[in-house]
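Ready for some hands-on practice? Have a look at the model below, then work through the exercises with us.

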Amino acid sequence: HVLNRCLAAKTRCCPLYRVFRVGTVGVIIFGLVMTPVQAQEYRVNVTPLTGRTGDWRTLHLFTGQTVTLYGEINTMVLRYDDGAVSKTYAPVDNSNKTSRMGFKWAIRNFGAWSPLARVEIGLAARKSSEVNLLDPGSTQWSVKDGDLRKLELVLKHPRFGVFSVGQGSMATHGISELDLSGTKVAAMSDAAQITASQLLRFSDGTLSGLEVGEFIDNFNEPNVTGSYSDGNRKVRIRYDSPDYKGLAFSVAVGNEVLQDDGQRNADTALTYAANTGDYKIATGLGYSWQSDSRVVSGSASVLHTPTGLNLTGALGSERDNGNFSYLKVGVLRSIWSAGQSAVSLDFYRGNDIYTSGSQATSYGLAFVQNFDGPDIQAYALLRRYDFKQPGAQYENSLVVLTGISWKF
């Protein structure tokens, strides 16, 4: 009551009045949202979300700003055969693109600057990258440190670019995973991510402690067997330049605070995307610096739009920790009116990643069917892993999975 009287009188005795005069940010106090409306009475409103749009995911604040809900549910059935024992895991969350939910708040613009606040959390109960024969995981949902994907403020300017502050992706996140094949949800350059914790079996029949994610890596991020199984996110300051004829530059400096690993991190990336005649092109190159490692990695993908034929490649190397190469060929076709169908065949090779002299290979056959109306993808993957190491012999392993993803 006192606050309303102060604001209605527009007296300068109230410090909130001075905040409101700036006109950039509403103030939230115990769920009460207060905001300035020029030439109108100031008031406290207990219903901050007052208007719905045609899209159920977007709500209007009575200030004219919007809050948008977005996310993805991505679950599947996975069967892993280590050469002697087969086990099915269901349901598990697809670690190539884990389930998540987020909110984007479009804060009031000031000048040409467009501020955006974003919060995003993971929703995976049991990630496919964290289950194996010895630890099938729990289907009980719980919040962990690694589930906080994004908590950031983003400032965008058409001339000066984008500045991001807070928990979020580093500049090189996804730099070795640029892919126009349409099958990335099932198969991508990190051939191990979807089954990273599965164990190999020695040729004599005994189970080893070697995980698939230890000998396959695409140097897009630290090893995927950690908490961040689907991205290299840190508390950082990041800058993305404006797009200039498809060319863009990014740089970020940050540290890991949710899991204090003692690492200092900085990276930079250069990307190019364009539509040239009948071709769609996406390519990028990145350099990542950490206290104890240096990584160079990149990828390129090209799609011939009339035929749907596409080709994707990726390369990467980490100082004193091996290198990898990846090649994928695929085709996109509109067989049914429901949406595009995509098929791809890929090959991965990694050298000296686990130990000096070790070699990993993987072959994958993937299929994805898109349903455009509800924005659903149904997918399947058949993948084989082969690992060779001096002084040890392992059985080949096989993965079969099928799943469904819904974006909202």
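A cavity here is a set of grid points where a 1.4 Å probe fits but cannot get out. Keep in mind that this is a predicted model.

**Exercise 1.** Find out how many cavities of 30 Å³ or more the structure holds, and describe what lines the largest cavity.

*Solution.*
- Step 1: start with the count, which is 2 cavities of 30 Å³ or more.
- Step 2: turn to the largest cavity, with about 60 Å³ of space in it.
- Step 3: list its lining, which is Tyr80, Asp82, Val85, Ser86, Lys87, Tyr89, Leu133, Gln198, Leu199 and Leu207.
- Step 4: sort that lining by class, and you get 6 nonpolar, 2 polar and 2 charged residues.
- Step 5: see where the largest share of the lining comes from; strand 7 (residues 86-93) gives 3 residues.

**Exercise 2.** Work out which strands pair with strand 24 (residues 397-407).

*Solution.*
- Step 1: take strand 6 (residues 66-81), which pairs with strand 24 in the antiparallel sense over 10 bridges. Leu78, for instance, has Leu401 as its bridge partner.
- Step 2: now take strand 23 (residues 376-388), which also runs antiparallel to strand 24 and is joined to it by 10 bridges. Here Arg383 has Val399 as its bridge partner.

**Exercise 3.** Trace which strands supply the nonpolar patch on the surface.

*Solution.*
- Step 1: pick out the patch, whose residues include Leu311, Leu327, Trp336, Phe367, Leu398 and Val400; the whole patch has about 1000 Å² of accessible area.
- Step 2: match residues to strands. Strand 20 (323-336), strand 21 (339-351), strand 22 (359-371) and strand 24 each supply at least two.
- Step 3: look for the largest share, and you land on strand 20 with 4 residues. Leu327 sits in strand 20.

Terms used: Residues numbered from 1 in each chain as written. Predicted model: local features only at pLDDT ≥ 70, side-chain atom pairs only at ≥ 80, totals over all residues. Heavy atoms only, no water. Pairing = 2+ DSSP bridges. 1 Å grid on protein atoms, 1.4 Å probe; cavity = no way out; pocket = protein on both sides within 12 Å on 5 of 7 lines; lining within 4 Å. Points joined across faces, edges and corners; volume = space filled by probe spheres on them. Nonpolar A, V, L, I, M, F, W, Y, C, P; charged D, E, K, R; others polar. Patch = residues over 30% accessible without salt bridge, like charges linked within 9 Å, V, L, I, M, F, W, Y side chains within 5 Å. Areas by Shrake-Rupley, 256 points an atom, 1.4 Å probe, with all protein chains shown as cover. Salt bridge = Lys/Arg side-chain N within 4 Å of Asp/Glu carboxyl O.
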